[in-house]
Amino acid sequence: MKNIYKNSYKNIKKAKKILNKNNIIAVPTETVYGLAGNAYSDSAVKRIYKIKNRPKKNPLIIHYYNIKNLRKDVFIDNKFLKLYKKFSPGPLTYILKKKEDTEISSHANSNLNSIAVRFPKNPLTRNLLKNLDFPLAMPSANISSGVSPIKAEDVKDEFGKKISFILDGGRSKIGLESTVVNLCGKIQILRPGAISHKKISKVLKTKISISKKIKKLLSPGLLKRHYSPGIPIKLNCNISDNKAAFIVFGKKFKKGKNVFNLSFKGNLREAAKNLYSTLRKIKKLKYKKINIVKIPNKGIGIAINDRLKKASY
Ligand code: TXA
Ligand code: MG
């Protein structure tokens, strides 16, 4: 069955038509691919949870074209505006206080008094959002607790025929999910990503911490195990036996059949971009174990380590 559609005027129109009927499609973003549905529609949102097998308590991010359409759903303040000006559209998700009369389906935010919002940067998806009369509820396009997809074929691997329309925007530029920052209560990073807590601290001129505890409902990745390829992962390894897949970083590691280098150059952005495709490849090669070297815990390395820790749980 053909379900991957290239960028064209005709295909954007087709995507819009499916979404208008409250059906679900997959779309590219600069972070990872998302499963998109009308955020105002209970039935569309329920479909997303069902297809992903996602726990109802894990709320979705609502994706907008720009701030104009946002104002009727959430309260915005100066802190948000400062960050929005600097980082949106882009890989930053804001947790904001919900307006009582919002049209956003209460299923989408698990009935919380906050809503997660993001303005994705991928031009294809922006073009689509611009042409819709509603924002898109959009989790990563993978079965719950698994590895996020970074290209159209990954989405097909995850869902097979269950998703009849995947908009192909090529490979995601960043390859890890957005940074989630809580602006509703204590300002904190709930999920590290490409935009570091340091950059956010600089704009807000206050020190911002990364939430350590997996709190009850405030937690991104409520599930302790997340981002998992379904194979045991051992972190901080210096060596590996030949039977395990060995994920390394930097040029000091020898090449080998079972060795997968995230970045020969030792570049953390490149490593982030390669992480999920490497995990998928290793799974396809049917390795039973993954050993991985220590990844520097700075910049986007913090996000890489966050995902690896949860994947290895
Ligand atoms: O990069 C991304 O953010 C991708 C692309 C598709 O935009 N989306 C994504 O969605 O990663 P998802 O559903 O896989 O992760 C959303 C995270 C979840 O861990 C969820 O717990 C958190 O955001 N979240 C959503 N609403 C929240 C809220 N009201 N309060 C706290 N956390 C929230
Ligand atoms: Mg996800």
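This report describes strands, helices, a cavity and a pocket in a predicted model.

## Strand E9 and its neighbours

Strand E9 spans residues 179-182, and its side chains are directed two ways: Thr 179 and Val 181 point one way, Val 180 and Asn 182 point the other way, and all of these residues are buried. In a regular strand the side chains alternate between the two faces of the sheet.

E9 is paired with strand E5 (residues 92-97), to which it runs parallel with 4 bridges joining the two, and within this pairing Thr 179 of E9 is the bridge partner of Leu 92. E9 also pairs with strand E10 (residues 188-191), here in the antiparallel sense and over 3 bridges, with Val 181 standing opposite Ile 189 of E10. E9 and E10 form a hairpin that leaves 5 residues between them, and Gly 185 in the turn has a positive phi of about 95°.

## Strand E6 between E4 and E5

Strand E6 (residues 114-118) is mostly covered, with 5 of its 5 residues buried. Ser 114, Ala 116 and Arg 118 point one way from E6, while Ile 115 and Val 117 point the other way; the charged residue Arg 118 is thus listed among the buried positions of this strand.

Two pairings of E6 can be described. With strand E4 (residues 61-63) the pairing is parallel and runs over 3 bridges, and Ile 61 stands opposite Ala 116 of E6. With E5 the pairing is antiparallel and runs over 5 bridges, and Arg 118 of E6 is the bridge partner of Thr 93. E5 is therefore a strand that pairs both with E6 and with E9, where pairing requires at least two bridges between the strands.

## Helix H6

In helix H6 (residues 197-204), the buried residues are Ile 200, Ser 201, Val 203 and Leu 204. These residues lie on the same side of H6, because the arc they cover around the axis is only 165°. Lys 198 and Lys 202, on the other side of H6, are exposed.

The buried residues of H6 pack against helix H3 (78-87) and against the strands E5, E9 and E10, which connects this helix to the hairpin formed by E9 and E10. Just after H6, Lys 205 takes a positive phi of about 55°.

## The second largest cavity

The structure holds 2 cavities of 30 Å³ or more, and the second largest of them contains about 60 Å³ of space. Its lining consists of Thr 179, Ile 189, Pro 192, Gly 193, Ile 195, Ser 196, His 197, Ile 210, Gly 299 and Ile 302. Thr 179, one of these lining residues, is also one of the buried residues of E9, and Ile 189, likewise in the lining, is the residue of E10 that stands opposite Val 181.

By class, the residues lining the second largest cavity comprise 5 nonpolar and 5 polar residues, with no charged residues.

## Helix H5

Helix H5 covers residues 152-159, and Ala 152, Asp 154, Val 155 and Phe 159 are buried in it. These four residues are placed on the same side of H5, because they cover an arc of only 155° around the axis.

The buried residues of H5 pack against several elements, namely strand E1 (4-5), strand E2 (25-27), strand E3 (34-38), strand E8 (166-167), helix H2 (42-52) and helix H7 (268-284). Just after H5, Gly 160 takes a positive phi of about 55°.

## The second largest pocket

The second largest pocket has a volume of about 240 Å³, and its lining is made up of Ile 143, Gly 146, Val 147, Asp 157, Glu 158, Ser 228, Pro 229, Leu 279, Arg 280, Lys 283 and Lys 284. The elements that give two or more residues to this lining are H5 and H7, and H7 gives the most, with 4 residues. H5 and H7 also meet through packing, since H7 is among the elements that the buried residues of H5 contact, with heavy atoms within 4.5 Å.

The lining of the second largest pocket divides into 4 nonpolar, 2 polar and 5 charged residues.

## An open sheet of four strands

Four strands form an open sheet in the order E12-E15-E13-E14, with parallel pairing. Strand E12 (233-234) and strand E14 (259-261) stand at the edges, and each has a single partner strand, so one side of each is left without a neighbour in the sheet.

Inside this order, strand E13 (residues 245-248) and strand E15 (residues 290-292) run parallel and are joined by 3 bridges, and Ile 247 stands opposite Ile 292 of E15.

Notes. Residues are numbered from 1 along each chain as its sequence is written. Chains are lettered from A and ligands numbered from 1 in the order in which they are written. This is a predicted model: local features need pLDDT of at least 70, side-chain atom pairs count only at pLDDT 80 or more; totals for chains, interfaces and linings use all residues. Side-chain values use heavy atoms; hydrogens and water are left out. On a 1 Å grid over the protein atoms alone, a cavity is a set of points where a 1.4 Å probe fits but cannot get out, and a pocket is an open set with protein on both sides within 12 Å along at least five of seven lines; lining residues have an atom within 4 Å of a point. Grid points are joined across faces, edges and corners, and a volume is the space filled by probe spheres set on the points. Buried means under 20% relative accessible area, exposed over 50%, partly exposed in between (1.4 Å probe, protein chains only). The arc is that of the directions from the helix axis to the C-beta atoms.
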